[in-house]
Amino acid sequence: MAEDIKKTGEKAPENFLVNEEELHIMPKKFVSQNPKKKDTGAKSIIVFFVLVFVLLMAILGGGYYWLQQKNKPKNTNTNVNQNINQNINNGNENTNANVNVNTNENANVNANINNTNNNQNNNTNTNENPKPIVVAIDTDQDGLTDLEEQTYQTDKQIVDSDKDGYSDSDEIKNLYNPLASGQKLIDSGLVIRYANDLYAYEIFSPKPWLVKAIDDSRQKIEFIPDTSTSELVRIEVVENIGQKSLLDWQKALYGIQAMENFKIDNQTSLRSIDKKQVLIVTAGYVYIIIYDTSNDSNNFITTFEMMLKSFKFISPSPQDE
Ligand SMILES: [Ca+2]
Ligand SMILES: [Ca+2]
Ligand SMILES: [Ca+2]
């Protein structure tokens, strides 16, 4: 029996009682074994299969997702921003900023800051060239328009109606009767003499025309043709406060606009380049004589010359002399 014990490798205690009938020693491999060890192995297998399953699912899921993504139509974001900016004026700049943010959810955020066109025409017309004078109809080309021939009862087919050697227009401009040789215009009955006592001047006006004071002060007088034209001649008078010079008044009224020297009733004055305005300055008053041709037809150019020629200061004269 002691040999048996030796075989097992176990050392019997000293007082160990060897009784073959009673002693049953379980082999060491059984004694030391954990009875639960068999269950643990089964669990591990289950865990292993679960893990494999999860892994498979993950692979399948990933593959499915990949296929889904692959078959998904690509995002087609067509942003058509049409900016039709027609800038007629040079120098305008258009700032068009297109910001397109495209996400997978097809959220297109188009921020178009377009068409902020501030077209401000700040052109200042500094053209000082006078408009060319449009000559109205003058059938016989004698310098007196057909409307003026009508006003002075001359023949619009004949240059020299009274056949005295002077053309109809020359006679009018020089204050002669175009219908009677050698007769003064004022004696013809074709014009009237308008006298403004308040501002001490006189001027001829064609007889058919209307002479109209704009207000009681008679500072503004209009000479209005009896024809359908909207032209008229106007005389405006203002006081020469401070007795400013002709050049001072020119600067104040016409700025840098060029004017030419002119003589009216032997007094130095200024005339605009288009010949439609005359500026006269005396010690007491400033006179502006205007041929206002709002429709540009210029039917009474010769008549305006006649009126300027007839203009005279009368007593009490505001002249310095
Ligand atoms: Ca004529
Ligand atoms: Ca004529
Ligand atoms: Ca004549």
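# A helix, two sheets and a shared core

Helix H7, which covers residues 301–310, is mostly covered, since seven of its ten residues are buried. The buried residues of H7 are Ile301, Thr302, Thr303, Phe304, Met306, Met307 and Leu308. The model described here is a predicted one, and every value in this report was computed from it.

## The chain as a whole

The chain has 321 residues, of which 19% count as buried. Its secondary structure comes to seven helices and twelve strands. Among the contacts in the chain with a separation of 6 or more, 48% come from residues that are 24 or more positions apart.

## The nonpolar core

In soluble globular proteins, nonpolar side chains tend to be buried together. In this chain the largest nonpolar core has 34 residues, and the ones with the most contacts inside it are Tyr287, Phe304 and Met307. Two or more residues of this core come from each of the elements S4, S6, S7 (232–239), S10, S11 and H7. Which element gives the most to this core? Helix H7 does, with five residues. Within H7, Phe304 can be followed further: once its neighbours within four places in sequence are left aside, Phe304 is in contact with Val233 and Tyr291.

## The sheet of seven strands

Strands of a sheet pair through backbone hydrogen bonds, either parallel or antiparallel. Seven strands form an open sheet here, in the order S5-S6-S7-S11-S10-S9-S8, and the pairing is antiparallel. Strand S5 (210–213) and strand S8 (259–264) stand at the edges, and because each has a single partner strand, one side of each is left without a neighbour in the sheet. Neighbouring strands of this sheet are turned against each other by 20° on average, with direction ignored.

Helix H6, residues 246–254, packs on this sheet and touches S8, S9, strand S10 (277–281) and strand S11 (285–292), while its direction makes about 140° with that of S10. At the edge formed by S5, four bridges join this strand to S6 (residues 220–224), and the two run antiparallel. Lys212 stands opposite Glu222, which is in S6.

At the other edge, six bridges join S8 to S9, and these two strands also run antiparallel. Asn261 has Leu270 in S9 as its bridge partner. Leu270 in turn has Leu279 in S10 as a bridge partner, and S9 and S10 pair in the antiparallel sense over two bridges. Leu270 can therefore be traced to a partner on either hand, Asn261 in one pairing and Leu279 in the other.

## Hairpins and positive phi angles

Strands S8 and S9 form a hairpin with two residues between them, and Asp265 in this turn has a positive phi of about 50°. Asn266 lies in that loop between S8 and S9 as well. The hairpin of S9 and S10 has four residues between the strands, and Lys275 takes a positive phi there. A further residue with a positive phi, Leu175, is placed in the loop between helix H5 (168–173) and S3. The table gathers these residues with their phi values.

| Residue | Place | Phi |
|---|---|---|
| Asp265 | turn of the S8 and S9 hairpin | about 50° |
| Asn266 | loop between S8 and S9 | about 65° |
| Lys275 | hairpin of S9 and S10 | near 70° |
| Leu175 | loop between H5 and S3 | near 65° |

Is Asn266 buried or exposed? Asn266 counts as exposed because it has 9 C-beta neighbours inside 10 Å, and the cut-off for this class is 12 or fewer. Leu175, with 15 other C-beta atoms within 10 Å, is partly exposed. Gln267, which belongs to strand S9 (residues 267–272), is also partly exposed, with 17 other C-beta atoms within 10 Å. The C-alpha atoms of Gln267 and Ile280 are separated by 8.0 Å, although these residues are 13 residues apart along the chain.

## The sheet of three strands

Three further strands form an open sheet in the order S3-S4-S12, where the pairing is antiparallel. Strand S3 (191–196) and strand S12 (312–313) stand at its edges, each with a single partner strand, so one side of each is left without a neighbour in the sheet. Six bridges join S3 to strand S4 (residues 201–206), and the two run antiparallel. In this pairing, Ala195 has Glu202 in S4 as its bridge partner.

Note on methods. Residues numbered from 1 in each chain as written. Chains lettered and ligands numbered in written order. Predicted model: local features only at pLDDT ≥ 70, side-chain atom pairs only at ≥ 80, totals over all residues. Buried ≥ 20, exposed ≤ 12 C-beta atoms within 10 Å, placed from the backbone. Pairing = 2+ DSSP bridges. Axes fitted to C-alpha atoms, helices over the stretch in contact; angles between N-to-C directions. Contact = placed C-beta atoms within 7 Å. Core = buried A, V, L, I, M, F, W, Y, C linked by C-beta atoms within 7 Å.
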